[in-house]
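Trainee: Could you go through this structure with me and pick out what is worth looking at?

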There are 2 protein chains.
Amino acid sequence: MGTESKWGLSSSWFRRRISLGFVICFVALGAINPMAEARVRRYKWEVSYQLKSPDCFKKVTVAINGNTPGPTILAQQGDTVVVELKNSLLTENVAIHWHGIRQIGTPWADGTEGVTQCPIMPGDTHVYKFVVDRPGTYLYHAHYGMQREAGLYGSIRVSVPDGVVEPFSYDEDRSLILADWWHKSTYEQAAGLSSIPFVWVNEPESLLIQGRGRFNCPSLLGGPSTSTDTGVCNTTNPECSPYVLTVVPGKTYRLRIASLTSLSALSFQIQGHNMTVVEADGHYVEPVVVQTLYIYSGETYSVVVKADQDPTRNYWVSTNVVSRPPKTAPGLAVFNYYPNHPRRIPPTAPPPAPAWNDTRSRLAQSRSIRARRGHILPPPAAADKTLLFLNTQNKIEGYNRWSINNVSFTLPHTPYLIALKQNLSGAFDPAPPPETYDYAKYNIYEVAPNTNASYGDGVYRLEFNSTVDVVLQNANTMNPENSETHPWHLHGHDFWVLGYGEGKFDPAKDPTTFNLADPIMKNTVPLHPYGWTALRFLADNPGAWAFHCHIEAHFYLGMGVVFAEGVDRVGRLPNSIYGCGAAPKQ
Amino acid sequence: MGTESKWGLSSSWFRRRISLGFVICFVALGAINPMAEARVRRYKWEVSYQLKSPDCFKKVTVAINGNTPGPTILAQQGDTVVVELKNSLLTENVAIHWHGIRQIGTPWADGTEGVTQCPIMPGDTHVYKFVVDRPGTYLYHAHYGMQREAGLYGSIRVSVPDGVVEPFSYDEDRSLILADWWHKSTYEQAAGLSSIPFVWVNEPESLLIQGRGRFNCPSLLGGPSTSTDTGVCNTTNPECSPYVLTVVPGKTYRLRIASLTSLSALSFQIQGHNMTVVEADGHYVEPVVVQTLYIYSGETYSVVVKADQDPTRNYWVSTNVVSRPPKTAPGLAVFNYYPNHPRRIPPTAPPPAPAWNDTRSRLAQSRSIRARRGHILPPPAAADKTLLFLNTQNKIEGYNRWSINNVSFTLPHTPYLIALKQNLSGAFDPAPPPETYDYAKYNIYEVAPNTNASYGDGVYRLEFNSTVDVVLQNANTMNPENSETHPWHLHGHDFWVLGYGEGKFDPAKDPTTFNLADPIMKNTVPLHPYGWTALRFLADNPGAWAFHCHIEAHFYLGMGVVFAEGVDRVGRLPNSIYGCGAAPKQ
């Protein structure tokens with residue numbers, strides 16, 4: 001497909017391989033800077049319950065070393081990161097995923113409970129060890145139950161090797177994680193999602209910027225004493241004072257903006273300032289100037305911002321819910337021009353939020369994100385296999401579920417990586433899940449005549465080193481005239497984003513529109529309402545890898561799949577990932 | 001000690017042994033009824049989160065087969081109970097203790113996380129198998145973290161063998177569990193208890209009778225939409241309609257009343273009716289007639305009640321908090337005289353609650369509970385070892401804790417039973433904890449001059465078959481003029497209740513007051529404010545056994561110890577209890 005010949009495929013494919021190999025070789029030999037050497041970055045983390053007031057309402061959170069977000073991991077390309085994680089929760093296990101790190105050669109360190117490891121029990125210490133092989137902006141977060149939503153997340157920032165110059169410049173580098181926040185516990189949410197009648201999580205109580213938001217405490221006035229108690233909701237609590245991003249007039253800032261929302265698609269604005277998008281999920285972007293950045297759960301972007309506005313005042317940083325009718329106040333931080341007081345309220349109201357239902361604008365921005373010239377990694381010209389994934393909301397035995405091709409994913413009791421490597425039978429359904437849906441007949445604009453789906457825990461087994469296309473197809477939910485945004489995240493790989501379309505993907509026609517010239521590579525990509533998104537990736541990373549909607553409740557209720565490739569090439573699995581199901585500790 | 005000679009000790013001790021052996025022999029041979037045979041009672045349980053409104057306020061509970069309380073286990077003396085427990089929680093492990101069942105020969109089935117087993121992981125199925133060797137009223141409940149408080153509990157009712165006549169008669173047999181209930185999650189409570197500043201659980205939002213209570217929903221009016229929503233607090237929800245105990249005029253009822261409160265000591269009344277106490281913790285009581293029964297967490301009582309009042313109306317069953325200034329509305333149920341409508345509100349107000357601080361009345365009732373004539377199991381006349389346990393509230397590194405002899409208990413990572421049986425070194429502190437405190441100097445009526453304690457996980461190793469006395473000594477808390485009630489529960493044994501005293505126990509004088517004539521045997525006993533309670537037991541059950549305050553927060557914060565005896569006599573530990581710490585699955 002596309003315009004490249006078979007020869008083009010091979011040559012571009014080899015070019016990519018060679019250039020990657022070259023870089024790795026340089027780093028390994030320290031060729032760029034004889035002083036540079038891959039280092040080991042050691043972290044000791046303790047996961048525990050902490051009462052926190054991120055939005056002024058006090059609730060129990062799951063924190064690392066007492067904090068949420070947890071500590072930022074700072075490393076340089078080629079470094080080995082070692083996180084010694086102690087679970088000090090009371091009755092609850094834990095697992096942490098290193099989002100965007102491909103775990104080449106260490107598929108057991110991906111941190112995905114049920115896929116690559118057993119959960120870590122209270123009292124246990126688990127060591128995650130992996131190489132950060134590419135510079136860029138990454139994340140970590142719990143990947144077990146709905147634990148991420150309890151606050152267990154943070155940033156990973158991987159810098160380029162000494163002597164390597166990035167294709168843009170800035171004076172300072174800052175990280176900002178966006179999140180949505182609820183006052184109900186994740187256990188309560190999970191119970192509601194698994195109930196008949198279905199209890200939806202509803203819209204978040206607040207939006208957090210770098211762990212800080214603001215709930216309207218006075219709205220609780222007159223409530224039970226436990227709620228009106230300023231010990232429970234207190235807008236003067238310093239924990240919920242807005243995050244302050246201090247800038248020096250005239251200087252340029254790289255902001256690494258990431259979203260780990262559980263539900264919300266977001267807009268992000270810095271009042272009165274343009275942002276130039278330069279990186280997405282660890283890949284350089286052909287610069288795009290925006291006033292509003294749309295960002296979906298699991299995505300990371302670097303934007304470059306110059307402090308070039310009136311320096312006598314502060315400005316709002318704001319984030320708003322898009323793609324769902326917003327019921328949540330904007331998340332606000334302060335863009336503080338030094339030497340103004342960091343708590344000085346900006347003199348003008350925050351910028352108006354973009355229309356929540358302006359899907360076209362979001363689609364246009366998605367399409368505008370392309371690989372940066374000089375940094376294009378060309379995709380293979382054609383795929384060996386194409387998977388067409390219909391995204392739907394369904395019912396199974398009266399329960400609300402989300403599904404792919406009418407199969408609603410359930411995590412097996414024994415992690416796939418162990419079951420596949422050990423050839424354990426009975427660990428999951430050996431029948432492969434459906435590779436397509438009845439696209440000829442399906443009307444994506446209407447509620448399906450039969451919304452029933454079935455549970456499944458089968459695996460898509462991919463030929464090692466094959467090229468795989470995935471086309472995500474959106475549809476109507478079980479409510480008339482409603483289609484959701486699904487941010488899809490692939491573990492263990494980056495994919496080329498070949499295109500976004502409106503309406504139903506036509507396998508005969510739409511592939512000709514694929515961008516094979518300068519597609520950005522990402523690990524997370526939105527599927528827009530009533531649209532499609534086409535991806536291509538190389539199944540070149542031995543292991544078992546989740547690919548799922550990054551909305552916590554959607555994945556919990558079945559919106560995901562597992563890919564496996566080259567498991568016979570995986571080295572000896574470490575004992576530490578064992579200890580559950582048919583995989584007792586070795 | 002006491003009035004019996006050494007000879008008396010031996011003869012009574014042998015009589016007890018012989019009579020017990022006799023009964024067991026009869027049952028085993030089916031001598032009483034040739035048709036009777038020990039049966040296997042099989043239960044299949046699934047533990048899951050459920051949204052429930054036990055007091056009209058909807059919150060997540062941990063339920064068995066969808067319900068809290070869970071199913072009642074009905075068995076006959078000598079039966080084998082097999083519970084196949086599937087953990088269907090999302091991220092949380094589980095363990096269930098069979099409260100009052102001594103687990104003779106099956107110490108691994110006691111269900112005490114950290115003491116007798118590793119916790120059961122989500123997705124796992126664990127089989128508990130044990131013999132119920134004595135008739136009586138028992139309980140089961142989670143024994144992991146603060147999980148019991150989330151609703152994971154139920155009743156065990158063991159009937160006498162066919163042909164055996166109990167020393168009292170009744171027409172019907174009913175079970176009632178009393179509990180206190182909070183709207184905060186147990187995770188949130190645990191986080192507060194482990195925080196600086198300390199966040200206490202506070203008084204319960206409601207009291208439940210057989211899983212039903214009533215919170216004053218209108219008090220939430222004006223609160224956030226999630227609270228005023230009738231979906232969240234709704235007094236017309238049938239789940240929180242009062243429990244109805246229907247009686248037929250003239251008939252006699254055995255009510256098996258148990259308390260599984262997390263904090264509260266309770267009074268229990270049936271408006272206008274006397275109750276005759278006939279059983280306590282599985283032992284027959286010399287009948288005591290009461291209007292108010294005081295009951296402490298972990299205790300069970302059978303009372304006999306005759307429906308002998310005006311049959312044209314209904315009556316209130318009520319329970320109130322005692323021993324702490326009550327801030328919780330009475331728990332109410334309906335004592336419904338058939339054929340009055342079960343929902344017909346009794347025409348008069350519930351009986352007034354007894355004064356919460358009338359310690360003397362409670363002490364008097366505790367003292368009045370004696371073994372029934374003809375069913376006295378005489379204790380050994382003297383102890384081989386006496387442990388004097390000072391109960392205090394303390395500080396450790398700024399954290400609030402509870403302690404015994406200034407040691408605040410922490411559960412080790414590897415269960416004691418496994419560590420002891422396998423001689424694993426490093427699993428817990430090998431130094432024995434203190435057997436006494438400085439009673440000559442300690443002023444139990446004042447806040448200790450130094451409230452600091454230290455953490456400890458050592459074990460009291462008891463000589464097999466030795467007789468052990470434990471004297472629990474209460475004291476002032478860290479607040480002036482305040483002393484708490486602590487209900488102490490012993491696993492794996494019953495103990496003789498030798499006496500209750502006021503003030504400081506004097507080892508030289510007070511043992512002469514011990515009741516060696518007709519002490520009741522129990523597994524749970526209150527320690528009254530500023531008082532002492534003396535117990536005696538035979539260390540004749542090979543295993544490792546918790547002995548702890550049954551207040552969930554007190555045990556969580558260190559108010560407990562572990563006894564071990566005859567571990568070399570314990571049979572091969574089943575694989576199923578392994579899977580944590582230094583005890584990987586075998």
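Mentor: What follows takes up the domains, the contact between the chains, one helix and then some salt bridges, and please keep in mind that this is a predicted model.

Trainee: Okay, domains first, so into which domains is chain A divided?

Mentor: The assignment divides chain A into domain 1 (32-159), domain 2 (172-368) and domain 3 (385-577).

Trainee: And where does UniProt put the "Plastocyanin-like" feature on chain A?

Mentor: The UniProt record, an unreviewed entry, places "domain: Plastocyanin-like" at residues 47-160, 174-338 and 437-566 of chain A. For residues 47-160 of chain A, the span is 0% helix and 43% strand, with its end C-alpha atoms 30 Å apart, while for residues 437-566 of chain A the span is 4% helix and 41% strand, with the end C-alpha atoms 26 Å apart.

Trainee: How far apart are the centres of domain 1 and domain 3 of chain A?

Mentor: Taken over C-alpha atoms, the centres of domain 1 and domain 3 of chain A are separated by 25 Å, and the contact involves 26 residues from domain 1 of chain A and 33 residues from domain 3 of chain A.

Trainee: What area do those two bury between them, and which residues supply the most on the domain 1 side?

Mentor: Domain 1 and domain 3 of chain A bury about 2300 Å² between them, with 60% of it on carbon and sulfur atoms. Of the area that domain 1 of chain A buries against domain 3 of chain A, 27% is supplied by Trp108(A), Val115(A) and Arg148(A), which is more than any other three residues supply.

Trainee: Arg148(A) caught my eye, so which side chain does it meet in a salt bridge?

Mentor: Arg148(A) meets Glu552(A), at 3.4 Å from N to O. As for the interface of domain 1 and domain 3 of chain A, the rule finds two salt bridges across it, and the count of residue pairs in polar contact between these domains is 20.

Trainee: Switching to the two chains, how many salt bridges are counted between chain A and chain B?

Mentor: The count there is zero salt bridges, although 13 residue pairs are in polar contact between chain A and chain B. The two chains bury about 3100 Å² between them, 66% of it on carbon and sulfur atoms, and the contact takes 41 residues from chain A and 41 residues from chain B.

Trainee: Which element gives the largest share of the chain A side?

Mentor: On the side of chain A that touches chain B, β1, β2 (59-64) and α2 of chain A each supply at least two residues, and the largest share, five residues, comes from α2(A).

Trainee: Is that helix mostly covered or mostly open, and what do its buried residues pack against?

Mentor: Helix α2 (residues 186-193) of chain A is mostly covered, with eight of its eight residues buried, among them Tyr187(A), Glu188(A) and Leu193(A). Within chain A, the buried residues of α2(A) pack against β1 (40-52), β21 (399-404) and α6 (552-556), and from chain B they meet β1 (40-52), β2 (59-64) and α2 (186-193).

Trainee: Back to charges, how many salt bridges are there over all chains?

Mentor: By the rule used, the count comes to 38 over all chains. One of the salt bridges joins the side chains of Arg373(A) and Glu286(A), at 2.3 Å from N to O. Arg373(A) lies in the loop between α4 (359-368) and β20 (385-396) of chain A, and Glu286(A) lies in strand β15 (residues 283-290) of chain A, so the pair ties together parts that are 87 residues apart in sequence. Arg373(A) is exposed, with a relative accessible area of 62%.

Trainee: What about Asp281(B) and Lys522(B), are they buried or exposed?

Mentor: Asp281(B) counts as buried at 1% relative accessibility, and Lys522(B) also counts as buried, at 1%. Their side chains meet in a salt bridge at 3.2 Å, N to O. Asp281(B) sits in the loop between β14 (275-280) and β15 (283-290) of chain B and Lys522(B) in strand β28 (residues 521-522) of chain B, so this pair ties together parts that are 241 residues apart in sequence.

Trainee: And which residue forms a salt bridge with Lys385(B)?

Mentor: That partner is Glu435(B), with the closest N and O atoms 2.7 Å apart. Glu435(B) is partly exposed, with a relative accessible area of 33%, and Lys385(B) counts as partly exposed at 24%.

Definitions and conventions:
Residues are numbered from 1 along each chain as its sequence is written. Chains are lettered from A and ligands numbered from 1 in the order in which they are written. This is a predicted model: local features need pLDDT of at least 70, side-chain atom pairs count only at pLDDT 80 or more; totals for chains, interfaces and linings use all residues. Side-chain values use heavy atoms; hydrogens and water are left out. Buried means under 20% relative accessible area, exposed over 50%, partly exposed in between (1.4 Å probe, protein chains only). Contact means heavy atoms within 4.5 Å. UniProt positions are given in the numbering used here, feature names are shortened, and annotations may be inferred rather than shown by experiment. Domain bounds come from an automatic or database domain assignment. Buried area is the accessible area (1.4 Å probe) that two parts lose on being put together, summed over both. A salt bridge is a side-chain nitrogen of Lys or Arg within 4 Å of a carboxyl oxygen of Asp or Glu. A polar contact is a pair of N or O atoms within 3.5 Å; within protein, one must be able to donate a hydrogen and the other to accept it, and residues adjacent in sequence count only if both atoms are side-chain atoms.
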